[in-house]
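Trainee: Could you walk me through the contacts in this structure, and show me how each label is earned?

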Amino acid sequence: MSLTRLLITFMSILVVSGFAVNGVYGETTITVDDSGGADYTSIQEAIYNANDGDTILVYTGTYTENVNVTKQLTIKSESGNPDDTIVRAADPDDDVFYVTADNVIISSFKVTDANGIGKHGIHLEGVTGCDVFNNIVSNNRNGIYLLDSRTNTLRDTTVHSNDNYGIFLVESKNNNLSNNTVHLNNIYGIALDTSNNNNLSNNTVYSNHKHGIALVDHSSHNRMRNNRIFNNTYNFGVSSGATNDIDTSNTVDGKRIYYLVGVSDATIDSSSNAGTVCCINCQNISIKDLTLKNNVYGICLHNTIDSDLDNITASNNRYGIDIRDCDHNNLNNNTANANELDGILLRHSGYNILNNNNVFKNKVGINVMHSSQYNELNNNTVSNNSVGIEQALSDNNNLTGNVIFRNRYGIFLYKCNSNDITGNTLDSNSDCGIYLRYSDNNDISNNIVLSSNLGIHLLDYSTNNTLQGNFLSNNSEDIRIADEGALGESIPGFGLPGGLISFFCGWSFRRKCGQWR
């Protein structure tokens, strides 16, 4: 072979080899410097001219642009320090980084100012294999957003001071969130919505205005380890009934998260250092002598039976004690106060006994709803709520011997039938003592109803209810019956056929219904 042909062959091999390295393995590095002297002055221009697998190295500076990443690239700051390499949204109504390509790396930037409605600092959509690390993401509408994305990694990143969410996953699975610091976001620190099989480990989530970490809308089979969650309005919450792998290495305000799935015959008491307790598909669990606060649920039971809750204080949660799809449980001597929504909630639950609980300063004191039947609510003290005891779409419950005072409504029934409301004392409930709407065949007997605007009010086609032996006094109006047929039988002076019902009323009632003595 001649020397000339040998040289040609050698050069051809080099060209082909070079193409393989640069075109396939992507070892080409493209530089960006906003002050000039590099390949390009903007990150987006570098992306337009890059190939899959290339590295875009960005020098110190402030880059005002919205970056669409449509190729498999590594985009990183040259300094490795996010404080000195800033990417700021040119258009606040667009994401700073919008990533629609797989296997993208974004590292060591400060990402800011995408504050338009629904916009994000870093937005990954429909992608896999991306790695976002060592960034600061702040002052956006939302920090980092994953939609329909899988097997991505978010790590070693600080996410703070965003208007809504810090990190938000929607319909995303098998992602890894680790060693992130998430704080001072306005609604959620970290939220998973309909997102499964994700791993959250060693994250520090604190001082977010509303929620710390929340797994919502049946996000399931997620794994949480060694997350520190503190000083959020609601540190931790998970959709009732979802099944996740969450152990006691996770803490809320320095106390352990107890998230039990399929456990029987266990006790959680003051020695456990519990901060919140969730029991899913459990049996014979004793939970006692705990103070649980500042979470979505103080206690959450789902599909759990034959368990006892005793001497619990659940305060400043969204829900104090939440019981869903649970039967044959006992709640005794608990205090539920200053919770945002319900002090004690029963939903789709039956044959439970609530006895001697003190429930105050919640939106609803005790809420019995959605086909909760055959429950006993006895001797509870319920005060200073918007509604003391509320029942909706629930039948055959007994409310006996409760003391209910200084609520807006004492007892409120909506579409509830065949309940017994007997022997309760209702005092100074501002709007109404006992209030029924669309509710039939209830027995309201031997109650004391005092000092309300309306003592007992039956309206909206509430029919065939029985009132007897009630003592009403010092109400602006003792009894108002809006619909004929509200009582199975009534009394003279009400324009209804007389007979069964006997009232023991104070002077104010006799004065208004002058025919009855």
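Mentor: Sure, we'll go through salt bridges, rings and a pocket, bearing in mind that this is a predicted model.

Trainee: What makes Asp247 and Arg225 a salt bridge?

Mentor: The cut-off is a side-chain nitrogen of Lys or Arg within 4 Å of a carboxyl oxygen of Asp or Glu. For Asp247 and Arg225 the closest N and O atoms are 3.0 Å apart, so the pair passes. The two sit 22 residues apart, with Asp247 in the loop between strand 26 (245-246) and strand 27 (251-252) and Arg225 in strand 23 (residues 223-225). By this rule there are 14 salt bridges.

Trainee: Why is Arg225 called buried, and Asp247 partly exposed?

Mentor: Buried means under 20% relative accessible area, exposed means over 50%, and partly exposed is in between. Arg225 has 15%, so it counts as buried. Asp247 comes to 26%, so it lands in the partly exposed class.

Trainee: Which residues are linked with Arg225 and Asp247 in a network of salt bridges?

Mentor: Arg223 and Asp245 join Arg225 and Asp247 in that network.

Trainee: How do you know that Glu340 and Arg318 form a salt bridge?

Mentor: Same kind of check: N to O is 3.1 Å, and the limit is 4 Å, so the pair counts. Glu340 is in the loop between strand 36 (335-337) and strand 37 (342-347), while Arg318 is in the loop between strand 33 (308-315) and strand 34 (319-324), 22 residues apart. Glu340 has a relative accessible area of 31%, so it is partly exposed. Arg318, at 27%, is partly exposed too.

Trainee: And what makes Arg437 and Asp460 a pair that ties together separate parts of the chain?

Mentor: Their closest N and O atoms are 2.5 Å apart, so the 4 Å limit is met. Arg437 lies in strand 49 (residues 432-437) and Asp460 in the loop between strand 52 (454-459) and strand 53 (466-468), so the bridge ties together parts that are 23 residues apart in sequence.

Trainee: Is Asp460 buried or exposed?

Mentor: Buried: its 19% is under the 20% limit. Arg437 has 26%, so that side of the bridge is partly exposed.

Trainee: On to the rings. Why is the pair Tyr165 and Tyr188 called stacked?

Mentor: Two tests apply: centres within 6.5 Å make a pair, and planes under 30 degrees apart make it stacked. Here the centres are 5.1 Å apart and the planes are at 5 degrees, so both tests are passed. Tyr165 is in strand 16 (residues 165-170) and Tyr188 in strand 19 (residues 188-193), 23 residues apart. Both Tyr165 and Tyr188 are buried. They also belong to one aromatic cluster with Tyr145 and Phe168.

Trainee: How do you know that Tyr351 and Tyr374 are stacked?

Mentor: Their centres are 5.2 Å apart and their planes are at 10 degrees, so they are stacked by those limits. Tyr351 has a relative accessible area of 45% and is partly exposed. Tyr374 is partly exposed as well, with 41%. The structure holds 11 aromatic pairs.

Trainee: What makes you say that Arg324 lies over the face of Tyr319?

Mentor: The distance limit is 6 Å from the ring centre, with an angle within 35 degrees of the ring normal. Arg324 is listed over the face of Tyr319 at 5.8 Å from the ring centre, so the distance part checks out. The charged end of Lys415 sits over the ring of Tyr438, 5.8 Å from its centre.

Trainee: Last topic: which residues lie nearest the centre of the largest pocket?

Mentor: Those are Val216, Asp217, Val238, Ser239 and Tyr297, out of 21 lining residues. The pocket holds about 390 Å³ of space. Strand 22 gives the most to the lining, with four residues.

Trainee: How do the lining residues divide into nonpolar, polar and charged?

Mentor: There are 11 nonpolar, six polar and four charged.

Methods:
Residues are numbered from 1 along each chain as its sequence is written. This is a predicted model: local features need pLDDT of at least 70, side-chain atom pairs count only at pLDDT 80 or more; totals for chains, interfaces and linings use all residues. Side-chain values use heavy atoms; hydrogens and water are left out. Buried means under 20% relative accessible area, exposed over 50%, partly exposed in between (1.4 Å probe, protein chains only). Rings of Phe, Tyr and Trp (its six-membered ring) pair if their centres lie within 6.5 Å; planes under 30 degrees apart count as stacked, over 60 as edge-to-face and the rest as tilted. On a 1 Å grid over the protein atoms alone, a cavity is a set of points where a 1.4 Å probe fits but cannot get out, and a pocket is an open set with protein on both sides within 12 Å along at least five of seven lines; lining residues have an atom within 4 Å of a point. Grid points are joined across faces, edges and corners, and a volume is the space filled by probe spheres set on the points. Ala, Val, Leu, Ile, Met, Phe, Trp, Tyr, Cys and Pro count as nonpolar, Asp, Glu, Lys and Arg as charged, and the others, Gly among them, as polar.
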